Amino acid sequence: MKTFYMYFMTTKKNTAFYTGMTNDLERRVKEHKGKLNSGFTQRYNCNKLVYFEKYYSALEAINREKQIKSGSRKKKDELLNSINPEWNDLSEDWDWYVINPIASCLAKTIWKVIAKEVRLRQSCD
């Protein structure tokens, strides 16, 4: 079964933020770290993988990427902090880190809760 990933890359100081989608997370992260492709991650030195979700459909991963990109930086920070509060580079040791579909499911649920809470707060203002 083919797998796809939606992921976040950031800088050493967590200032710039990149959201992407790929069918080979390890290869793509290595490309970002090696600055093999010109663009945002190369220009802003986004070479730290801090979050990802696994999908079995390219369309699901693309839709999730679009959903994340359309959200505010605050919502992205809240999602990331709920899963990886230290903003550790998840690619530092690929041997111990298992790409877990349960974590992806949990992350989607948390994202929905955060989005609902933000809408509720906005309606009270």
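This is a chat about the nonpolar cores and salt bridges of a predicted model.

Reader: Let's start with the packing. Which residues make up the largest nonpolar core?

Author: There are 12 residues in it: Phe4, Met6, Phe8, Phe17, Val50, Tyr51, Tyr55, Ala61, Ile68, Leu79, Leu80 and Trp87.

Reader: And which elements give two or more residues to this core?

Author: Two strands and two helices do: β1 (4-10) and β3 (48-55), plus α3 (58-70) and α4 (73-83).

Reader: What other core is there?

Author: Apart from that one lies another core, of 11 residues, and Ala16, Cys46, Leu49 and Leu90 are among them.

Reader: Back to Phe17. What is it in contact with, leaving aside neighbours within four places in sequence?

Author: Phe17 touches Phe8, Leu80 and Trp87, and also Met9, Thr10, Phe40, Cys46, Arg73 and Lys76. Phe8, Leu80 and Trp87 belong to the largest nonpolar core, as Phe17 does.

Reader: OK, switching to charges. How many salt bridges does a search of the whole structure find?

Author: Eight.

Reader: Take Lys30 then. Which residue does Lys30 form a salt bridge with?

Author: Glu26, with the closest N and O atoms 3.2 Å apart.

Reader: Where do those two sit in the helix?

Author: Both are in α1 (residues 25-33), and because Lys30 and Glu26 are four residues apart there, about one helical turn separates them.

Reader: Is Lys30 buried or exposed?

Author: In between: Lys30 counts as partly exposed, at 49% relative accessibility. Glu26 is partly exposed as well, with 34%.

Reader: What about Glu31, which residue does that one form a salt bridge with?

Author: Arg28, and there the closest N and O atoms are 2.9 Å apart. Glu31 and Arg28 are both in helix α1, three residues apart, which is about one turn.

Reader: Are Glu31 and Arg28 buried or exposed?

Author: Buried. Glu31 has 18% relative accessibility and Arg28 has 17%. The cut-off for buried is under 20%, so both values fall below it.

Reader: Which residues are linked with them in a network of salt bridges?

Author: Asp24 and Arg27 join Arg28 and Glu31 in that network.

Reader: Now Arg64 and Glu53. Which parts of the chain does that pair link?

Author: Their side chains meet in a salt bridge, 2.8 Å from N to O. The pair links distant parts of the chain, with Arg64 in helix α3 and Glu53 in strand β3, 11 residues apart.

Reader: And is that pair buried or exposed?

Author: Both Arg64 and Glu53 are buried.

Conventions:
Residues are numbered from 1 along each chain as its sequence is written. This is a predicted model: local features need pLDDT of at least 70, side-chain atom pairs count only at pLDDT 80 or more; totals for chains, interfaces and linings use all residues. Side-chain values use heavy atoms; hydrogens and water are left out. A nonpolar core is a set of buried Ala, Val, Leu, Ile, Met, Phe, Trp, Tyr and Cys residues joined through side-chain atoms within 4.5 Å. Buried means under 20% relative accessible area, exposed over 50%, partly exposed in between (1.4 Å probe, protein chains only). Contact means heavy atoms within 4.5 Å. A salt bridge is a side-chain nitrogen of Lys or Arg within 4 Å of a carboxyl oxygen of Asp or Glu.
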